[in-house]
Each structure stands twice: as C-alpha cells, then as structure tokens.
Amino acid sequence: MHDIERRMALRFHEESVSADTHVNISAIRGDANGCLWLAGDETATVERLSAEPTEHPDSYGAQRTFRLADLVPLPGPEDSEADIEGLGLDEDHLWAVGSHSLVRKKIKPKHDDAKAVKRLARVRDEANRHVVARLAVERGADEPPRVVPETSDGRRSAVLGARRKDSLTEALAEDAHLSPFLRIPAKDNGLDIEGVAVKGEHLFLGLRGPVLRGWAVLLEIAPVEGPNPGELVLDPFGGSRYRKHFLDLGGLGVRDLCPHGEDLLILAGPSMELDGPVRVHRWKGAARSRDPEVLRAERLPVELELPHGSGDDHAEGISVVSEAEGDKLLVVYDSPASHRLREEDTVLCDIVALP
C-alpha cells in the first residue's frame, strides 16, 4: 500500500490560477537543478517551479510559464490547448507530448436532457494535441534552467507534428491494433497518450487508451531532425516508425511514465471515467529493451497502491525525487480534492516512499 511521507505545496501565479492550471496538472518531471517542470491539460504551455532552498523543501514556487508557440511551430492556433499529458527530461531537452486524442463534450448539471444528448454527439479534434515537442533546455550556473528556441551551444527546439501529415497519429493510421481507435474520443477508450519517458535516443509513450482485451499499450519512437527547421520526423528503426509493447496492468491503462535507473515506473489507472484503482508498476530493465515485448503481470510487479477520491484526486503524474535517505516518488493529482487546496494559489501533492 501507499506510504505518504509528507505533502508538498506547489504555488502558482495569478494567470495559472485564472486558467485553472493548478487544478488540471497533467504531467510533471523533476529536474536535478532543484526545480519541477509541469504542464496542465487546458493550455499550450509548460511551467517551471523552483524549490525553496532547504534540505527537504516543503514548497515549490517562483513559477515561470513558457508558451509552446514561442519555441516551436504548432499545427493549430498558438493558444489552442495542446493537452500536454506527458513530460520527459534528459540533460539537454524537455519533451512535452500532447494527448493525440479526440474529445467528446461533457454533460454538465445545468444541461437539460435535450442539450445533454446533443453534447454527447459532439466530438472535436484539436490540432495542437497531436504534437511531440522537444524543447531545448538552457542551463546557467546562477539561474534556473529554461526552455528556449535555441541554446547558446546551438541546440534547437523542434516538434513532431508541426504538420498533421508528419504526426504520430498519421503514422498509426494503418496500424492493425490502434487504427480503429483513432476516431474514438479519449474517455471512450480511444487513443490517448499519457506519459513519456526518455530512453536514450528513443521515447516511451504510454497509452491510457485503448486498452485491448485488458492489455495496455506502450509505444516506442525515435524522433529525429527533419528536412525543415524546427520540425522532427519519425526515424524508421527495425523497419518501422514505431515499436509496440503490450503490458498486463490488470485491465488498467497508462497514466504516466517515469524512469528510475534502468527501470520504468508506470502509473496505471482506468482508461475511462472511473476513479480507480491506481497503481505504480515497475518494468525492470526497460532501458535495455531492444525488441517489441509482451509483458505479463509477473514482469510488472506492483510497487505502490495510490489513493484516489470519489470524483476527485486522480493521480495524474509521477516523478522520482532523490533525497538523502533514498529515492521518493512525487505524485500530483488532477481534480484535486478540497483538502489539497490550501490557498487560492496553492495545491498540495504527495511525497511517497518507494519500496
């Protein structure tokens, strides 16, 4: 079971509070420089929070917002949401991945029956959701890291999916397993990317959906520089532009991914509109994987069972944080419960002991 050691306060600036980013956190990744990178699923931005300078910081703040449109070319309007559902980090780049999903309209309490029926028939497709952005990280000795269009040593930000024909979605259009789900909205078990982890020159992408007869799907891709400045393309490795791994997560989908040494921590939760269960599995030796794999339950032991609320407190992002007594897991929640909203600009996340 989970063992929450303490709570961590994340403090946001007024613009993010107005945009509800603080209650829609969808991705997180810790940086060795004492900061957190975060994203919300209602904007086309990434956020940086800096830790207070103590051995065990109990809060992160001094938020700075970076617009994707200022860094890479986007296929849609500059401020149209990218629904960033995964952040990955290496020394040189921050990777931000859109959900690549369609969206069905929600029914709200104010809607009468006729309006509810009409909304359930409406599905929208937003171009900025279909991007995988590689953001160049500039690191200075006396300031927090930042993402920039081009660094002082010549590394450039770039994006896969700047044009729809080059997107991962188009690459999957003929896939035997996934193509039938490309026109199904995310919360209906359609295609929905949630989570990214850097694996050398490759990326693991976790799919919340579809879950195929109880099996979750993990994609592996190798984005490389394309012929046009600022654009990435999928490198064909092993004769294909992507690799598929199938995971027995007990019927759950992937909600986030996080490297831990050569292992991969997998946050698993329901693919559809359910509260739980929520678990963290470990794929041992994932970084050494070289072929498509079918990972049965015994190869994906459960590390943690995480709490969830009823209609709230949905664990949405995980990141390993290193402390003197060992590695811990930082967990952030979408739709946080009221007890996590300490002040108007502050939301509480959890620090959980790893076994």
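One cavity of 30 Å³ or more turns up when the whole structure is searched. This is a predicted model, so keep that in mind throughout. The largest cavity has a volume of about 30 Å³.

What lines the largest cavity? The residues are Leu10, Ile25, Val332, Tyr333, Val347, Leu348 and Cys349. Two elements give two or more residues each: β25, residues 326-334, and β26, residues 346-353. β26 gives the most, with three residues. By class, the lining is seven nonpolar, no polar and no charged.

Now the largest pocket. About 1,100 Å³ of space lies in there. The lining takes in 39 residues, and the closest to the pocket centre are Asp41, Glu42, Lys106, Lys187 and Glu273. How does the lining of this pocket divide by class? Eleven residues are nonpolar, six are polar and 22 are charged. Set that beside the cavity, with its seven nonpolar lining residues and no charged ones.

Which elements build the pocket lining? Four of them supply at least two residues each: β8 at 103-104, α2 at 113-120, β13 at 192-199 and β24 at 314-323. The largest share comes from β24, and that share is three residues.

On to a sheet. Four strands make it up, in the order β19-β20-β21-β23. The sheet is open, and the pairing is antiparallel. Why do β19 and β23 each have a side without a neighbour in the sheet? They stand at the edges, β19 at 253-260 and β23 at 302-306, and each has a single partner strand, so one side of each is left free of a neighbour there. On average, neighbouring strands of this sheet are turned by 20° against each other, direction ignored.

Look at the β19 edge in detail. Seven bridges join β19 to β20, residues 263-269, and these two strands run antiparallel. As one example, Val254 has Ala268 in β20 as its bridge partner. As background, strands of a sheet pair through backbone hydrogen bonds, either parallel or antiparallel.

Last, the chain as a whole. Its secondary structure comes to three helices and 26 strands. The radius of gyration is 19 Å, and the globule rule gives 20 Å for 355 residues; the two are close, so the chain is as compact as a globular protein of that length. Along the principal axes, the C-alpha trace spans about 55 × 50 × 45 Å. How much of the chain is buried? Of the 355 residues, 57% count as buried.

Key. Residues numbered from 1 in each chain as written. Predicted model: local features only at pLDDT ≥ 70, side-chain atom pairs only at ≥ 80, totals over all residues. Heavy atoms only, no water. Pairing = 2+ DSSP bridges. Axes fitted to C-alpha atoms, helices over the stretch in contact; angles between N-to-C directions. 1 Å grid on protein atoms, 1.4 Å probe; cavity = no way out; pocket = protein on both sides within 12 Å on 5 of 7 lines; lining within 4 Å. Points joined across faces, edges and corners; volume = space filled by probe spheres on them. Nonpolar A, V, L, I, M, F, W, Y, C, P; charged D, E, K, R; others polar. Rg over C-alpha atoms; globule rule 2.2 N^0.38 Å. Buried < 20%, exposed > 50% of the residue type's maximum accessible area, 1.4 Å probe, protein only.
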